[in-house]
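Please work through the following exercises with the sequence and the three-dimensional structure at hand. Each task is followed by a solution in steps.

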Amino acid sequence: MDSAPSELTATRTEVSAPIPLKILVAGGFGVGKTTMVGALSEIPPVSTEQEMTTLSEGVDDVSQVAEKRTTTVAMDFGRITIDESMILYVFGTPGQNRFWFMWDELTVGAVGAVVLIDLRRVDDCFAAIDFFESRRVPFVAAINEFDDTAAFTDAHIRDALVLPADCPVVRLDARNADSCQAALIALVEHALARSER
């Protein structure tokens, strides 16, 4: 039997599925995690935001975020397609201590984390930094620059947070996709550098 004419012979090219990368956005209560996931995501983000009730009074400190009316109780989720070879899945963690049992589950398979920091409430970020350091998960310290944040140099921030020498310090506005993307790029570069070492 004759072979099919060349014009009818389709050349098959293998199309590989995009590489999925899982990234966490973590930090204290009200630091901007849900806002960052929403700014980054190309799809409507999945959110587990719930109205805060009187049960949180005296438990959640809203003195610096008085306008906050909702809180994440499980996670936020968004997706970013880098190109046909890579997709980022971004998970925002809950901020309050009582929901931290979710962090262990969310960390499984993660490339790394963006630890959001509000310099008005710097003590709130230490638990997240300790969490990722103890599990040897790469992270970047991301200063969410609120309008009334005092100015500190990266060196002062690094010293105050006792960051590892190789941990990047980045600054962003959690409402701005471009600055959030720059933080993700810094994280992926940091994670790659650590894996090469």
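The exercises below move from the whole chain to single residues.

This is a predicted model, in which local features need pLDDT of at least 70 and side-chain atom pairs count only at pLDDT 80 or more, while totals for chains, interfaces and linings use all residues. Residues are numbered from 1 along each chain as its sequence is written, and side-chain values use heavy atoms, with hydrogens and water left out.

**Exercise 1. The whole chain**

Determine how many helices and strands the protein has, and in which pattern they follow one another.

Solution. Begin with the definition: helices (H or I, at least four residues) and strands (E, at least two) are DSSP runs, numbered from the N terminus. The protein has five helices and seven strands. Along the sequence, their pattern reads β-α-β-β-β-α-β-α-β-α-β-α. Next, consider burial, where buried means under 20% relative accessible area, exposed over 50%, and partly exposed in between (1.4 Å probe, protein chains only). Of the 197 residues, 42% count as buried. Finally, take contacts, meaning heavy atoms within 4.5 Å. Among those between residues at least 6 apart in sequence, 72% join residues at least 24 apart.

**Exercise 2. Two strands and a helix**

Describe how β6 and β7 are joined, and state the handedness of the unit that they make with α4.

Solution. Strands pair if DSSP finds at least two bridges between them. Strand β6 (residues 139–144) and strand β7 (residues 169–172) run parallel and are joined by four bridges. Within this pairing, Asn 144 stands opposite Leu 172 of β7. Then add helix α4 (residues 154–161): β6, α4 and β7 make a right-handed β-α-β unit. A crossover is right-handed if, with the strands pointing away from the viewer, the path from the first strand over the helix to the second runs clockwise.

**Exercise 3. Two helices in contact**

At what angle do α1 and α5 pack, and which residues make the contact?

Solution. Axes are lines fitted to C-alpha atoms, for helices over the stretch in contact, and angles run from 0 to 180 degrees between N-to-C directions. Helix α1 (residues 33–40) packs against helix α5 (residues 177–196) at an angle of about 100 degrees, and their axes are 9 Å apart. The helices α1 and α5 are therefore roughly perpendicular, a term for angles of 65 to 115 degrees. From α1, the contact involves Met 36, Ala 39 and Leu 40; from α5, it involves Ala 177, Cys 180, Gln 181, Ala 183 and Leu 184. Of these, Cys 180 is buried, with a relative accessible area of 0%. Also in α5 is Ser 179, which counts as buried at 18% relative accessibility. Leaving aside neighbours within four places in sequence, Ser 179 is in contact with Leu 172 and Asp 173.

**Exercise 4. Positive phi in two loops**

Where do Arg 136 and Val 162 lie, and are they buried or exposed?

Solution. Most residues other than glycine have a negative phi. Arg 136, although not a glycine, has a positive phi of about 55 degrees. Arg 136 is placed in the loop between α3 (126–134) and β6, and is exposed at a relative accessible area of 68%. Val 162 likewise has a positive phi, of about 50 degrees. Val 162 lies in the loop between α4 and β7, and counts as exposed at 61% relative accessibility.

Terms used
Parallel < 35°, antiparallel > 145°, perpendicular 65-115°, else oblique.
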